[in-house]
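Here is a short note to read with the model open beside you. Take the points one at a time and find each residue as it comes up.

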2 protein chains.
Amino acid sequence: MAQPPSRTLTREHIAAAALAVLEREGLAGLSMRKVATEVGVQAPSLYWHVRNKEELLDLLGDAIIADAEIPLRTGDWREQYLEYGRRYRALLLAKRDAAKVVAGRLTTGPRVLAVLEDQLDRLRGAGFADADAAMASYLLSAYVQGFVLQEQSPLSAAEAAGASRGQVSRAAGETFRALPAETHPNLVALAEHLTDPDMDTRFEFGLQRIADGLAALL
Amino acid sequence: MAQPPSRTLTREHIAAAALAVLEREGLAGLSMRKVATEVGVQAPSLYWHVRNKEELLDLLGDAIIADAEIPLRTGDWREQYLEYGRRYRALLLAKRDAAKVVAGRLTTGPRVLAVLEDQLDRLRGAGFADADAAMASYLLSAYVQGFVLQEQSPLSAAEAAGASRGQVSRAAGETFRALPAETHPNLVALAEHLTDPDMDTRFEFGLQRIADGLAALL
DNA sequence: ACCTGAACACCGTTCAAGT
DNA sequence: ACCTGAACACCGTTCAAGT
């Protein structure tokens, strides 16, 4: 837990420690004190390297997406655009509460910039107008972040209470099915589909629609 | 601030008080103690009406979208789908930090159910398969929540530090433009578009693409 | 049934002081 | 330049006790 003699504490060490604490305790359990002990130091020491907790969270956000990779340039722009979306989601799903950390935070690490650069290059090369390429990139990240945010949060109070994802969604389905059919016929009829726990196909559906919509611009 | 003689504290009162505190102090400043004094009571009293803070936030989420309204049934499914997206965004933008509260929370107030019911009815009526209608609805809320989450969060540390939105985005533009043009030609070229602070057109762009992609399914 | 006082184990952050 | 101890003003939550 406590880093022994790794002299000269750096911002990288702090980010790594924060990542470890996040994995172990979740975002709600991430405190300056815990990060400090993780790195083998007293809490106030962190303030020499970091202005406040908000800045530490910026560091953490950068660390989360530091592993971002540029997909190989196989296939057309569409296939690569989809791949960007899938990889971004996978990156967020890989770390606990990652979407909550990253959402609404501006991350500008070198890896992110490289990925963004490649993405824009591909879109412009495919014939998108400059403004459209920029907005297409923004659209993708808004969708992925919004989706994973839902995906990563406990569905309800039945959360850490141990119930499995499948159980929770089955219970949610029951709720919809139990609604009065005269007032909510569609919710009753679609209960199954609305609460289907298969997140992969759900994500892919949205991704394909977005790509189709973009393709229509060309 | 303190509610004088409004006997019999209810969950509705608590939700309203939480909404007031949220507006005044933001989500980070929302504490059980502040909500308690807002409602004219000691903090521990809240625990009679609410299991914990998480449940209070559920209440708050419901209160935020309690004003949701079903748009008039003018225009085709597409126009109404767009209208749902726009209204949802407007609803979130109307309350401070609303996206952060709502994101990843399952809200099942009667108004929300009514809106969802209408939405599904419209999509099925337009010819969408059951599963597609359900996923189209989910797609919309993921996009809107992701978008507004970005929109409502301070763009950087230059946040509450007083800088206007325009100033911050101009500064961000400078950052992109200052990158080495050999390695990041597209970021340099699109700096303007990437940091354009006009969120309305940005939102509308994504919304139109999604609607187009859905239309292609019919 | 509903509310309070006192208490517990935590927080983020500041600051004088150490080396 | 970097770290610590002590302290401040807060937290969420529990629980015995009041009415």
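**Notes on two chains and two DNA strands**

1. Let us begin where the two protein chains meet. Across the interface of chain B and chain A, twelve residue pairs are in polar contact, with both residues at pLDDT 80 or more. That pLDDT condition is there for you to keep in mind, since this is a predicted model. What about salt bridges across the interface of chain B and chain A: how many does the rule find? The rule finds zero.

2. Next, look at the extent of this contact. Chain B brings 54 residues to it, and chain A brings 54 residues as well. About 4800 Å² of area is buried between chain B and chain A, and carbon and sulfur atoms give 70% of that area.

3. Which helices of chain B supply the side that touches chain A? At least two residues each come from helix H7 (110-125), helix H8 (130-152), helix H10 (185-189), helix H11 (191-194) and helix H12 (199-215) of chain B. H8(B) gives the largest share of this side, with 17 residues. Sorted by class, the side of chain B that touches chain A holds 31 nonpolar, 13 polar and ten charged residues.

4. Now move to the DNA, starting with strand C. There are 18 residues around DNA strand C, and those that come nearest are A:Arg33, A:Tyr47, B:Gln42, B:Ser45 and B:His49. Of the atoms of DNA strand C that come within 4 Å of the protein, sugar and phosphate account for 60%.

5. Zoom in on the phosphates of strand C. The side chain of A:Ser31 has an N or O atom 3.4 Å from a phosphate oxygen of DNA strand C. For A:Lys53, a polar backbone atom is 2.9 Å from a phosphate oxygen of this strand. Chain B takes part too: a polar side-chain atom of B:Trp48 lies 3.2 Å from a phosphate oxygen of DNA strand C.

6. Which helices supply the surface near strand C? Helix H2 (32-39) of chain A and helix H3 (46-49) of chain B each supply at least two residues. The largest share, three residues, is from H2(A). By class, the surface near DNA strand C has eight nonpolar, five polar and five charged residues.

7. Strand D comes next. Surrounding DNA strand D are 18 residues, the closest being A:Gln42, A:Ser45, A:His49, B:Arg33 and B:Tyr47. Sugar or phosphate makes up 60% of the atoms of DNA strand D within 4 Å of the protein, and the rest belong to bases. Three of the residues named here also have listed distances to a phosphate oxygen of DNA strand D: 2.5 Å from a side-chain N or O atom of A:Ser45, 2.7 Å from a polar side-chain atom of A:His49, and 2.8 Å from a polar side-chain atom of B:Tyr47.

8. For the surface near strand D, helix H3 (46-49) of chain A and helix H2 (32-39) of chain B each supply at least two residues. H2(B) provides the largest share, three residues. The classes here are eight nonpolar, five polar and five charged.

9. Finally, follow A:His49 back into its own chain. A:Leu9 sits in the segment before helix H1 (11-25) of chain A. A:Leu9 and A:His49 are 40 residues apart along the chain, with 8.5 Å between their C-alpha atoms. Setting aside neighbours within four places in sequence, A:Leu9 is in contact with A:Ile14, A:Val39, A:Val41 and A:His49.

Key
Residues are numbered from 1 along each chain as its sequence is written. Chains are lettered from A and ligands numbered from 1 in the order in which they are written. Side-chain values use heavy atoms; hydrogens and water are left out. Contact means heavy atoms within 4.5 Å. Buried area is the accessible area (1.4 Å probe) that two parts lose on being put together, summed over both. A salt bridge is a side-chain nitrogen of Lys or Arg within 4 Å of a carboxyl oxygen of Asp or Glu. A polar contact is a pair of N or O atoms within 3.5 Å; within protein, one must be able to donate a hydrogen and the other to accept it, and residues adjacent in sequence count only if both atoms are side-chain atoms. Helices (H or I, at least four residues) and strands (E, at least two) are DSSP runs, numbered from the N terminus. Ala, Val, Leu, Ile, Met, Phe, Trp, Tyr, Cys and Pro count as nonpolar, Asp, Glu, Lys and Arg as charged, and the others, Gly among them, as polar. A residue is near a molecule or strand if one of its heavy atoms lies within 4 Å of it.
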